[in-house]
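Student: I would like to go through this model by asking, for each label, what justifies it. Could we begin with the sheet and then turn to the charged pairs and the ligand?

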Amino acid sequence: MSNERPKAPRYRGGRRGMMLVFSSPSGAGKTTLSKRLIMHHPDVVLSVSTTTRPPRPGESDGEDYFFVDHEAFERQLAADEFYEYAKVFDHYYGTPKGPVEDAMSEGRDVVFDIDWQGAKQLAEKAPRDVVRVFILPPSMKLLEDRLRKRGQDSDTVIDGRMARAEAEISHWEEYDYVIVNEDFSGALEEIELILKAERLKRARRPWLRGFVDELMKERR
Ligand code: 5GP
């Protein structure tokens, strides 16, 4: 009797990437969560948005955002270079098309840190590929504390962000998954479970058709 293990079917491996969209009010932790997810998973890439907002201390061009002026943004918009875009607070934010299309065609998953308007546009454009995750803070008090601790924005900006937070949260039911970011590692674990389960979906495993054909041939 051979104790050789059966060989893995040659169809396995190839898969269709997904667009994993994270939205949340500012300060609920989605940026940190998405960055950590990418660190743990080399086959997941982050979509870097273009914005007209000025960089915050510590942010770098090309890594956190592509920082551009209004004119450049409008030029790119007119040239149809964005997958989606939205005006958030007083600034424009947009998702450049090129890197997303490249990553998807290589079978990688792309993470988007965008607001509800962007999530909606992406889901309309690519309903089969988009998985939407909303991240909630455990309390509004904690959200405000986190925004204050950043120490980067004035009181008026923070008040504005709290009002926006309520508006953003009102869209929670448009998402496939909703996570309460009570503790960071718990939230990360839940996101990793979502990634795992979504990768197992039939439509994301195109090799299954060939595999089943081979199974059927064995019986003929
Ligand atoms: P912040 O200025 O705090 O980095 O981002 C403000 C809001 O804009 C956040 O909710 C963020 O998710 C959202 N945002 C960032 N990039 C994009 C984008 O490319 N498209 C859309 N629709 N929203 C974005």
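Tutor: Let us start from a single cross-strand position in this predicted model: Glu84 stands opposite Thr95 in β6. The strands concerned, β5 and β6 (residues 91–96), pair in the antiparallel sense over six bridges.

Student: What makes β5 and β6 count as paired strands?

Tutor: Pairing requires at least two bridges between two strands, and β5 and β6 have six bridges, so the requirement is met.

Student: In what order do the strands of the open sheet run, and why are β4 and β5 called its edges?

Tutor: The open sheet has four strands in the order β4-β3-β6-β5, with mixed pairing. Strands β4 (66–67) and β5 (82–88) each have a single partner strand, so one side of each is left without a neighbour in the sheet. Helix α2 (residues 70–78) packs on this sheet, where it touches β3 (50–51), β5 and β6, and the direction of α2 makes about 140° with that of β5.

Student: How do you know that Arg148 and Glu144 form a salt bridge?

Tutor: Their side chains meet at 3.0 Å, N to O, and the cut-off is 4 Å between a side-chain nitrogen of Lys or Arg and a carboxyl oxygen of Asp or Glu, so the pair qualifies. Both residues lie in helix α5 (residues 140–150), four residues apart, which is about one turn of the helix.

Student: Why are Arg148 and Glu144 called partly exposed?

Tutor: Partly exposed covers what lies between the 20% limit for buried and the 50% limit for exposed; Arg148 has a relative accessible area of 36% and Glu144 one of 26%, so both are partly exposed.

Student: Are the two partners Glu198 and Lys201 buried or exposed, and what makes them a salt bridge?

Tutor: The closest N and O atoms of Glu198 and Lys201 are 3.2 Å apart, which is within 4 Å, so the pair is a salt bridge. Glu198, with a relative accessible area of 3%, is buried because the value is under 20%, whereas Lys201 at 43% counts as partly exposed.

Student: What separates Lys217 from Glu214 along their helix, and how does that pair compare with the cut-off?

Tutor: Lys217 and Glu214 are three residues apart in helix α8 (residues 207–218), so they are separated by about one helical turn. Their closest N and O atoms are 3.3 Å apart, which is within 4 Å, and the pair is therefore called a salt bridge. Glu214 counts as partly exposed at 27% relative accessibility. By this rule the count comes to 18 salt bridges, and Asp43, Asp109 and Arg199 are linked in a network of salt bridges.

Student: Why is Glu218 called exposed?

Tutor: Glu218, which lies in helix α8, has a relative accessible area of 67%, and because this is over 50% the residue is exposed. The C-alpha atoms of Glu218 and Arg150 are separated by 62 Å, the two residues being 68 apart along the chain.

Student: Which residues are closest to the ligand, and what makes the contact of Tyr93 a polar one?

Tutor: Of the 18 residues that surround the ligand, the closest are Ser49, Arg53, Tyr65, Glu84 and Tyr93. A polar side-chain atom of Tyr93 lies 2.5 Å from an oxygen atom of the ligand, and since a polar contact is a pair of N or O atoms within 3.5 Å, that contact qualifies. The side chain of Lys30 has a polar atom 3.3 Å from a ligand oxygen, and an N or O atom in the side chain of Asp113 is 3.1 Å from an oxygen atom of the ligand, so these two contacts also meet the limit.

Conventions: Residues numbered from 1 in each chain as written. Predicted model: local features only at pLDDT ≥ 70, side-chain atom pairs only at ≥ 80, totals over all residues. Heavy atoms only, no water. Helix = DSSP H or I, 4+ residues; strand = E, 2+ residues; numbered from the N terminus. Buried < 20%, exposed > 50% of the residue type's maximum accessible area, 1.4 Å probe, protein only. Contact = heavy atoms within 4.5 Å. Axes fitted to C-alpha atoms, helices over the stretch in contact; angles between N-to-C directions. Near = heavy atom within 4 Å. Polar contact = N/O pair within 3.5 Å; in protein donor to acceptor, adjacent residues only side chain to side chain.
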